[in-house]
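Work through the exercises below with the sequence and the 3D view open. Each task is followed by its solution.

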Amino acid sequence: MKSSRTSLKKKESSKIEQISTQLASLVSIHWDPEALQSEILLEDERTSDRKSVTFQQQHPSKPSADPSPFTLELRELLSCRAQQEVVIDEIDYTPRGLAPTRYGKDKYSWDQLQSRWSPDGGGGGGGGGGDDGDQDQKQTEDKAEVCSILSLDWSEAEFGKQVKSVSEPEGTKTTTTKMEEPAQAPDKVEAFDLDQEPDFSGVIDRRSPSLEKDAKTYHVKILLTETDNIILYESASHTVARDSDEAAAVLEQNAYYDNKKKNRRTAMAAAEAQTPEMLLKSRGVNTERIRRQEVASFVSNYDMYDTYNDLERHTKEIDLAEASSKIEITTYSREGMEDIDDMLNKSENFHLSSMILERLLAGNVYREKQKRFRNMYMPDPLDVDAKYLYRLETLWTYKTVETSGKAVGSASWCPANGDIVAIAYGIYRFTKFDDRSSGYVCVWSIKNPVNPERRYQFSVPVTAVAFSKKTPQLLAVGLYDGSVQIWDIMDNSQRPVGVSERKSSPGFEPIWDIEWIESDDDKDEILTASQDGTIMKYTLNIGHYLIGYTQLRLDRVECETEGIEVEKKKDGIDADRHPQALSLKIHPVRKDIYFIGTDEGCVHRCSINYSYQHSGVSRMHSGGVFGIEYSPWSPKVFLTCGGDWCIRIWIEDINEPILTLSTGFGPIQAAHWSPVNSTIIISVTQDSVQLWDLKRRMLKPASFTTFGDSTTALTVVKFTNCGRSALVGDSEGRTYICALEDMPFPPHFQYKELQSALYKNLICKPELLKLVKRCGYLGY
């Protein structure tokens, strides 16, 4: 009986060893009955009946023959190890030898194993005959052996309720473990299935303490792999280096192509074509450092005397700008040597270097005044001692030797850069013919108040200049002989971009005003007002000449017109049937409408779309109309100034002037609205500059400012783009840049301030006030 039990135990041990080997081969572990049982870990979670096992990869064991029913059932339960192949772009990305997934449809559930191998159920392992007691003892021993294979301590009281880890070495205290988040092996990617959607039911993230007990979080597994490089765009180079291997073949092919074109007798047509872009490569070459050495030699006075006698001596006299004296400069040159003055005048680098050097030197003298022009010193609006004195403080003066004695005929600030201004030098009064033989246009910058940045010389006086708003580098120039030129101030080649042609613009009278046409297309067009009453339109073309077109030829007004009443002239016939066009202004909103002021005091309303006719005429002055200016805050309020010593403010559709400002006994040369204060106007007469404030008083100007001596007449006045400085020109070629000091602070609501000032001055004219209020809103 004892021997049979011994043989039975041997058979059971061999069968258990066989089952253990097959189980180890299924879960990809190497089972050694003598080793510490720490390869498989089971983690229990008290709050859930589900259990999961993390399998780590080991060397596969030898398969065993004749598997037992218990092994077959375990193999069926562990069928999730069979992974589906993952093929992307004909490349197999299936992970090999990975552990089974912890969550999902193909997870390993220990609930099934527990239900099959519970103490009350039957088992799959074991064999041999015997009574019922022996069979129960046999099943109990099998269950104990299975748990020992899986490194678990099994208790008969409650299978699955308490599981103790036996992976610790002997001598350590065995403790009951609680289910925590299963630890993942480092650098191990878990198995996945791309075609099957994982089952995340019942999964709770215990790592987030803010989640409630029944809240669920879903885990999405994403595998990122590196793909091959994908070329999106490639631009092949059409050029090769001259020292490369392909250079000889390319040169030969180019020479063959050139000879083939010469021999080909085909008709050539001018057409556009797309050519390959020439790609250039930058190369750097390292060279040895240039070594220098100082060498001294002795020269006696006799050697220097003989050397200077062999040289050619040239003496030049230069006039000083601020004095009537002259200085002599003596230069020496060798025979056959190029003149140094001509060489420097032709060098663009020399001109650029000298311009930068002059700016640096001028900055040492005019730095504080330049800061004031740039509005770096702003008045304090909370100053208790602020006073409104309306002062003009001169910052600097633009003047040159060439333009001395030539009157400032016109000025234009660059719309894109407020530091740059173009000034035209011509004639003002009746002058002799010899004084009308030349004219200049100087482009000044506040960075160099001493010398102009650009200087253009003409054979006749210059009467008008204007910068383009759309293309700020283009400068239109009107001349005394009726011709028009357009210059690009960025080009230092001293050649105009476009010149008017005599056959398309036959006028020979002076051009008194120029306006750029703002259109939606890409054309650069200008309007000019000539002394013979001709309005011309010029278009900048690709060629050298401007395309001229006669827009209108004015006729004298014979009948009574709208506007102010003027005493009728005596019966007679005028020598000239066409009035002189003295001023020109384009409407600020309707760009196709423009106004022309004439010497007979009338303003003609015309349209670019309707040539050879005007849509209306009004008499606004008893003398010539020298200027028309719209308010920056209202497209319907404008002012006019003329030879009848008055400035009049008008509103469109009202034939009576709203306000009339008179300075005394002198014609108003020019008048402009302030771009920062809606109630301030600046004007100029021959002897002074006036500042008007419509808000405070209109009977006389707020201030008078004189410049120079009493014999010098002032010709031009203009606000800067910022509105806190002004330009004043005189008949001697001097241009004063003045800062407006002690001025009222700009109001917040500009239009309301202008409207209230107009209403205040119309209190004594109730009928006119009703007409103004009936016009409604007059702002933009």
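The exercises cover model confidence and then salt bridges.

This is a predicted model, in which local features need pLDDT of at least 70, side-chain atom pairs count only at pLDDT 80 or more, and totals for chains, interfaces and linings use all residues. Residues are numbered from 1 along each chain as its sequence is written, and side-chain values use heavy atoms, with hydrogens and water left out.

**Exercise 1.** State the mean pLDDT of the protein chain.

Solution. pLDDT is the predictor's confidence in each residue, from 0 to 100. Its mean for the protein chain is 77, and 66% of the residues reach 70 or more. Residues 1–5 have a pLDDT below 50 and zero contacts (heavy atoms within 4.5 Å) beyond near neighbours in sequence. Where pLDDT is low, the predicted coordinates should not be read in detail.

**Exercise 2.** Find which parts of the chain the salt bridge of E453 and R359 ties together.

Solution. A salt bridge is a side-chain nitrogen of Lys or Arg within 4 Å of a carboxyl oxygen of Asp or Glu. Here the N to O distance is 3.2 Å. E453 sits in the loop between β12 (439–445) and β13 (454–458) and R359 in helix α8 (residues 348–373), so parts 94 residues apart in sequence are tied together. Helices (H or I, at least four residues) and strands (E, at least two) are DSSP runs, numbered from the N terminus.

**Exercise 3.** Decide whether E741 and R372 are buried or exposed.

Solution. Buried means under 20% relative accessible area, exposed over 50%, partly exposed in between (1.4 Å probe, protein chains only). E741 and R372 are both buried. Their side chains form a salt bridge at 2.7 Å, N to O.
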